[in-house]
Amino acid sequence: MKKSLLLIFSAFVLSFSVQAAEILIAPTSPEAVNNLSVALASAADGDVIVLSEGTYVESNEIQFDAKSVTIKAAEGANVVLQLQAPITISNGAKATLQGIKLDASQLGSHKHVIEATDATDGKALVMDGCELYGYSVVHAAIYVAEANTLKVCEVKNCYFHDNMNSCIFFEGALSNFLLIQSTFANIATSSSEYMSVVDVRNANYAIINHCTFYNCQAMNTDHAAIKLECDGLIANSVIVAPESHGAYRAIHVKDGWNVEAKNCLSFNYTKDSGGFRSAVKKVDCLMNTDPLFVDAVNGNFSFAVGSPALASGTNGTNMGDLRWNPSDIDDGIAYDFPSEDIPVEDE
């Protein structure tokens, strides 16, 4: 499938020079304890850490500090990273995670799974093909505090599930946020803190495209599955609650921000006429419409024959996370951002 993807990060490019090393690590029997944090501490800028099959237990913080490093699963490997302390990004670091399952069930008193911890320029987070589950702290799994910054966050082909509380919450300055082809399932936020599943503020621009939200319950009347306090585009996404939540929204946009919801579908969110707050500019959206998942309760978010979400996306694509419902059609949405020199490239 031909898709536009954000591949180059301008001055903070995430490609690697020919001198970059590939560091191979493996779990010891039965589990590797702190192998990854030790390898990351000794890695050089541009290195790639490759994890072989197994479970990696980390009681240390995994610190991306002042360098660009990729941590990825070996091809075809089932890699579980059991975190007992957070992943942190500081001093202009660029963190890339690929193909890793993040088990957040053992975080204990730690508040976050991934956090940008300072206000330095140029920091970036890329998550591709990752899974995050087991997060139950009353806070946000991926977090940027108001006093801190992150230059760019790109989340694609990811699966967030069985979490209690916010998955992504950015209070601090963020140049650009890109969330594409990802699924959020069985998420229930707090009623008093960190109350939206995805909450982005103070960003230059946000793009959310081809995502599936199922059983995402924002447990506060002012919050939603998706909440934006910035300009942006929400496209080709399906947002479903398991039953009517008259007080809760699918999309909430603060007044004064320019956000368009294009070819999106909502179901069982009845507040604000289908769960989209009036500040959202709706274009060709399907409100109060059942997408007819094949078996969402058991984790199958494919659409059944006759689903209104099939071929109802931009340019005739299917809605939602396209890994569930592949499409050979290009939706034509370019992942470039206003006021940012970020080249866009096609696969």
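The protein chain contains two helices and 33 strands, and before I go on I should say that what we are looking at is a predicted model. Of the 347 residues in the protein chain, 59% count as buried. If we take contacts between residues at least 6 apart in sequence, 73% of them join residues that are at least 24 apart. The accessible surface of the protein chain comes to about 12,900 Å², and carbon and sulfur atoms account for 46% of that surface.

Let me turn to the sheets, beginning with the one that has eleven strands. This sheet is open, its pairing is parallel, and its order runs β2-β4-β7-β10-β13-β16-β19-β22-β25-β28-β30. At its edges lie β2, residues 22-25, and β30, residues 281-283, each of which pairs on one side only. Between neighbouring strands of this sheet the average turn is 10°, with direction ignored. As one example from inside that order, strand β7, residues 68-73, and strand β10, residues 94-98, pair in the parallel sense over five bridges, and if you want a place to put your finger on the model, valine 69 stands opposite alanine 95 in β10.

Which strands does helix α1 touch where it packs on this sheet? Helix α1, residues 35-42, is in touch with β2, with β4, which covers residues 48-51, and with β7, and the direction of the helix makes about 160° with that of β4. Serine 42 is found in this helix, and because its relative accessibility is 59%, where over 50% is the cut-off, serine 42 counts as exposed. A polar atom of the serine 42 side chain lies 3.1 Å from the backbone oxygen of alanine 39.

The next sheet is also open and also parallel in its pairing, and here eight strands follow the order β6-β9-β12-β15-β18-β21-β24-β27. Its edge strands are β6, residues 62-65, and β27, residues 249-253, and each of these pairs on one side only. Neighbouring strands in this eight-stranded sheet are turned against each other by 10° on average, again ignoring direction. Within the order, strand β9, residues 87-90, and strand β12, residues 114-116, pair in the parallel sense over three bridges, with isoleucine 89 standing opposite alanine 116 in β12.

Now to the aromatic residues, of which the structure holds nine pairs. One of these pairs is formed by tyrosine 143 and phenylalanine 169, and it is tilted, with 6.0 Å from centre to centre and 45° between the planes. The two partners come from distant parts of the chain, 26 residues apart, with tyrosine 143 in strand β15, residues 140-144, and phenylalanine 169 in strand β18, residues 166-170. Are these two residues buried or exposed? Tyrosine 143 is buried, since its relative accessible area is 7%, and phenylalanine 169 counts as buried because its relative accessibility is 4%.

A second pair that I would like to show you joins tyrosine 214 and phenylalanine 293, whose ring centres are 6.0 Å apart and whose planes stand at 90°, so this pair is edge-to-face. This pair, too, links distant parts of the chain, because tyrosine 214 lies in strand β23 while phenylalanine 293 lies in strand β31, residues 293-295, the two being 79 residues apart. Tyrosine 214 is buried, with a relative accessible area of 11%, and phenylalanine 293 is buried as well, with a relative accessible area of 14%. Ring pairs also link Tyr214 and Phe293 with Phe301, Phe303 and Trp324, so that these residues make up a cluster.

I will finish with strand β23, residues 212-217, which also contains asparagine 215. Why does asparagine 215 count as buried? Its relative accessibility is 16%, and the cut-off for buried is under 20%, so asparagine 215 falls on the buried side. Which residues is asparagine 215 in contact with, once its neighbours within four places in sequence are left aside? They are Asn186, Ile187, Val240, Ala241 and Pro242. With asparagine 186 there is also a polar contact of 2.9 Å, joining the side chains of the two asparagines.

Definitions and conventions:
Residues are numbered from 1 along each chain as its sequence is written. This is a predicted model: local features need pLDDT of at least 70, side-chain atom pairs count only at pLDDT 80 or more; totals for chains, interfaces and linings use all residues. Side-chain values use heavy atoms; hydrogens and water are left out. Two strands pair if DSSP finds at least two bridges between them. Helices (H or I, at least four residues) and strands (E, at least two) are DSSP runs, numbered from the N terminus. Axes are lines fitted to C-alpha atoms, for helices over the stretch in contact, and angles run from 0 to 180 degrees between N-to-C directions. Contact means heavy atoms within 4.5 Å. Buried means under 20% relative accessible area, exposed over 50%, partly exposed in between (1.4 Å probe, protein chains only). A polar contact is a pair of N or O atoms within 3.5 Å; within protein, one must be able to donate a hydrogen and the other to accept it, and residues adjacent in sequence count only if both atoms are side-chain atoms. Accessible areas come from the Shrake-Rupley method with a 1.4 Å probe; for residues, only the protein chains shown count as cover. Rings of Phe, Tyr and Trp (its six-membered ring) pair if their centres lie within 6.5 Å; planes under 30 degrees apart count as stacked, over 60 as edge-to-face and the rest as tilted.
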